[in-house]
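Visitor: I would like to learn how to read a fold I have not met before. Could you take me through this one slowly?

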Amino acid sequence: MRKPKGKLYTSNIEGLKFAPPHAEIWQITRAGHDIKGAIIVRSLSPSPQLFERYLREWKGKRPNQWWSLYEMAFLSELREEEKLKSLRDIYKKLLLGKDIVLLCFCTDHRYCHRRLVGEFFKPYGVEAVELNPIKTEQLSLF
């Protein structure tokens, strides 16, 4: 198996300022406004059913109350042919040396489908890098 030459990033809007200038931006959202210059790839967003469930049951709740259910459902969706086709398209571009940023609107990448899409590529030698990670405050005794 060849190792891809391109780099894969994940980000929200705020993190785009850290994206390589030549990278393709793949907007993988179900809803919201389209970002100028981005390639819209709805197939890598949660299904309408999962997105609606999130809005109806989980939005505004602590991730420990819903994330494991969401993650399991989305990982199952990643096995669907439409999503696999888009994942193959990304991998082909990475093999050719293209850098790609997977973009969505979630603030915290730890509880976002963009992280799951990025992690999909780990067994294929691709480590996705989050451009806008949540910073944890350092604990201090003083």
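Guide: We will go through the sheet, then the helices that lie on it, and then the contacts between helices, keeping in mind that this is a predicted model.

Visitor: In what order do the strands form the open sheet, and what is the pairing?

Guide: As a general idea, strands of a sheet pair through backbone hydrogen bonds, either parallel or antiparallel. In this structure, 5 strands form an open sheet in the order β3-β2-β4-β1-β5, and the pairing is parallel. The edge strands, each of which pairs on one side only, are β3 (39-40) and β5 (129-130).

Visitor: How many bridges join β2 to β4, and which residue stands opposite V101?

Guide: The strands β2 and β4 run parallel and are joined by 4 bridges, and I25 is the residue that stands opposite V101 in β4. Strand β4 also pairs with β1 in the parallel sense, over 4 bridges, with T10 standing opposite L102 of β4. Towards the edge, strand β2 (residues 24-27) pairs with β3 over 2 bridges, again in the parallel sense; there W26 has I39 of β3 as its bridge partner, while Q27 stands opposite I40 of β3.

Visitor: Are the residues on the faces of β4 buried or exposed?

Guide: Both faces of β4 are covered, with I100 and L102 buried on one side and V101 and L103 buried on the other. Strand β2 is likewise covered on both faces, where E24 and W26 on one side and I25 and Q27 on the other are all buried.

Visitor: Which strands does α4 lie across?

Guide: Helix α4 lies across β1, β4 and β5, and runs at about 170° to β1. For the strand β2, the bridge partner of its W26 is I39 in β3, and helix α3 (residues 81-95) packs on the sheet by touching β1 (8-11), β2 and β4 (100-103), with its direction making about 170° with that of β2.

Visitor: How should I describe two helices that pack together, and at what angle do the axes of α1 and α2 cross?

Guide: Two packed helices are described by the angle between their axes and the distance between the axes. Here the axes of helix α1 (residues 48-58) and α2 come within 11 Å and cross at roughly 175°, which makes α1 roughly antiparallel to α2. In this contact, L50, R53, Y54 and W58 of α1 meet L69, Y70, A73, F74 and E77 of α2, and these residues divide into 7 nonpolar, no polar and 2 charged.

Visitor: At what angle do the axes of α2 and α4 cross, and why is α2 called oblique to α4?

Guide: The axes of helix α2 (residues 67-77) and helix α4 (residues 113-120) come within 11 Å and cross at roughly 45°. Because of that angle, α2 counts as oblique to α4, and the crossing in which α2 passes α4 is right-handed. On the α2 side W67, Y70, E71, F74 and L75 take part, meeting H113, R115, L116 and V117 in α4; the residues of this contact divide into 6 nonpolar, 1 polar and 2 charged.

Definitions and conventions: Residues numbered from 1 in each chain as written. Predicted model: local features only at pLDDT ≥ 70, side-chain atom pairs only at ≥ 80, totals over all residues. Heavy atoms only, no water. Axes fitted to C-alpha atoms, helices over the stretch in contact; angles between N-to-C directions. Parallel < 35°, antiparallel > 145°, perpendicular 65-115°, else oblique. Left-handed = near helix turned anticlockwise from the far one by under 90°. Contact = heavy atoms within 4.5 Å. Nonpolar A, V, L, I, M, F, W, Y, C, P; charged D, E, K, R; others polar. Pairing = 2+ DSSP bridges. Buried < 20%, exposed > 50% of the residue type's maximum accessible area, 1.4 Å probe, protein only.
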